[in-house]
Amino acid sequence: MPRLRSFLDARNAPIWLKLLVGLGLVVLLLLIPAVLVVRSATDDIASQFNQNAVSSLGSGQSTSVSNAIAQARTTLDTFLLSAENQRLAQGLLLAPVNTSELVLPRTAPAQIEAAFAATLLNPATGLYDSVRVLDRYGNVVASAATNNITGILSGNEAGQATFEAARAGAAEGRTQTLTVAPLPGGSGALDYAVALIWRDGRPLGYVIGRMSSPRVLYPGLRFPAEFPR
């Protein structure tokens with residue numbers, strides 16, 4: 001036992017053991033900060049990765065929704081660029097004053113409603129839930145919807161967000177406006193309005209399409225399968 005206590009006494013330890021213990025302490029002191037730095041860097045990288053993933057997801061969704069809205073707008077623009085459809089709309093809006101000098105078809109509401117139903121409201125390809133025609137005073141003169149493609153919806157939309165935005169836009173020289181129209185219950189709908197300009201530069205009325213949220217907005221809001229939910 002005395003010999004064991006003597007061996008364990010640091011003062012009596014061999015020189016090689018003292019050097020080994022000292023070297024071990026130095027290595028340990030160097031490794032602790034290094035481990036902490038590596039761990040901190042790893043946490044920073046993971047945090048940055050998560051931020052980039054979320055940012056990328058948000059950017060991708062925004063682009064997808066923007067592209068879908070642009071496609072819906074192009075669909076309505078293309079419809080109204082057709083000379084035949086323009087004449088139908090003009091004939092409807094000018095029906096009270098239509099004369100032989102105007103050479104416009106005497107359009108019945110059902111005619112343009114049928115044109116809406118066959119193209120913009122086509123169940124297979126349509127991006128709109130409803131399309132309506134308003135005169136310059138906000139009166140609804142024709143309207144078609146995916147669940148009711150016939151019949152005029154009576155009423156006047158003067159004072160409502162979409163019509164007022166469209167009228168203000170036309171006064172400033174903008175023939176196209178995109179508006180979030182409030183709906184009961186606090187939700188909203190995306191309305192795209194195109195002003196129909198007559199020869200004198202004044203709007204005859206407006207064609208307003210209400211975009212389908214399930215077809216235009218919702219597909220772009222899905223999370224990628226590989227992203228954790």
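These are my notebook entries on a sheet, the helices packed on it, one pocket and two single residues.

**Entry 1: the model**

I am working from a predicted model. I number residues from 1 along each chain.

**Entry 2: the sheet**

I looked up the strand order to begin with. Five strands make an open sheet, and the order reads β2-β1-β5-β4-β3. The pairing is antiparallel. I noted the edges: β2 (140-145) and β3 (176-182) each pair on one side only. I also looked up the twist. Neighbouring strands are turned by 20 degrees against each other on average, direction ignored.

**Entry 3: helices on the sheet**

I checked which elements pack on this sheet. Helix α4, residues 109-118, does so and touches β1, β2 and β5. The direction of α4 makes about 35 degrees with that of β2. Helix α5, residues 161-171, packs on the sheet as well. I find α5 touching β1, β3, β4 (188-197) and β5. Its direction makes about 160 degrees with that of β3.

**Entry 4: the buried side of α5**

Which residues of α5 are buried? I list T162, F163, A166, G169 and A170. They lie on the same side of α5, because they cover an arc of only 130 degrees around the axis. I keep the general rule beside this: an α-helix has 3.6 residues a turn, so residues three or four places apart point the same way. I then asked what covers the buried residues of α5. The cover includes β1, β3, β4 and β5. Just after α5 comes G173, with a positive phi of about 90 degrees.

**Entry 5: strand pairs, one by one**

I went through the pairs in turn. β1 (residues 128-135) and β5 (residues 203-211) run antiparallel, joined by seven bridges. Within that pair, Y128 stands opposite M211.

β5 also pairs with β4, in the antiparallel sense, over seven bridges. Here Y192 has G209 of β5 as its bridge partner. β4 and β5 form a hairpin with five residues between them. In its turn, G201 has a positive phi of about 90 degrees.

β4 in turn pairs with β3, antiparallel, over seven bridges. I found two facing pairs here: Q176 stands opposite V194, and T177 stands opposite A193. β3 and β4 form a hairpin too, with five residues between them. G185 sits in that turn, with a positive phi of about 95 degrees.

**Entry 6: how covered are β3 and β4?**

I looked at β3 face by face. T177, T179 and A181 make up its covered face. Q176, L178, V180 and P182 make up the uncovered one. For β4 I looked up the burial count. Eight of its 10 residues are buried, so β4 is largely enclosed by the rest of the structure.

**Entry 7: the second largest pocket**

How much space lies in the second largest pocket? I get about 220 Å³. I wrote down the lining: D77, L80, L81, Q86, Q90, T175, Q176, V194, A195, L196 and I197. I then sorted it by element. α2 (15-81), α3 (83-93) and β4 each supply at least two lining residues. Which element gives the largest share? That is β4, with four residues. Two of the lining residues, Q176 and V194, are the ones I noted above as standing opposite each other in β3 and β4.

**Entry 8: R73**

I picked R73, which is found in helix α2. Is R73 buried or partly exposed? R73 is partly exposed, with a relative accessible area of 26%. I left aside neighbours within four places in sequence and listed the contacts: Y128, Q176, L178, Y192 and M211. Among these contacts, Q176 and L178 belong to the uncovered face of β3. Y128 and M211 stand opposite each other. I also checked a distant partner in sequence. R73 and D191 are 118 residues apart in sequence, yet 9.9 Å apart in space, C-alpha to C-alpha.

**Entry 9: T146**

My last residue is T146, in the loop between β2 and α5. T146 is partly exposed, at a relative accessible area of 43%. Beyond its neighbours within four places in sequence, T146 is in contact with L121, Y128 and D129. Y128 was in my list for R73 as well. I also looked up A117. T146 and A117 are 29 residues apart in sequence and 7.4 Å apart in space, C-alpha to C-alpha.

Notes. This is a predicted model: local features need pLDDT of at least 70, side-chain atom pairs count only at pLDDT 80 or more; totals for chains, interfaces and linings use all residues. Side-chain values use heavy atoms; hydrogens and water are left out. Two strands pair if DSSP finds at least two bridges between them. Axes are lines fitted to C-alpha atoms, for helices over the stretch in contact, and angles run from 0 to 180 degrees between N-to-C directions. Contact means heavy atoms within 4.5 Å. Buried means under 20% relative accessible area, exposed over 50%, partly exposed in between (1.4 Å probe, protein chains only). The arc is that of the directions from the helix axis to the C-beta atoms. On a 1 Å grid over the protein atoms alone, a cavity is a set of points where a 1.4 Å probe fits but cannot get out, and a pocket is an open set with protein on both sides within 12 Å along at least five of seven lines; lining residues have an atom within 4 Å of a point. Grid points are joined across faces, edges and corners, and a volume is the space filled by probe spheres set on the points.
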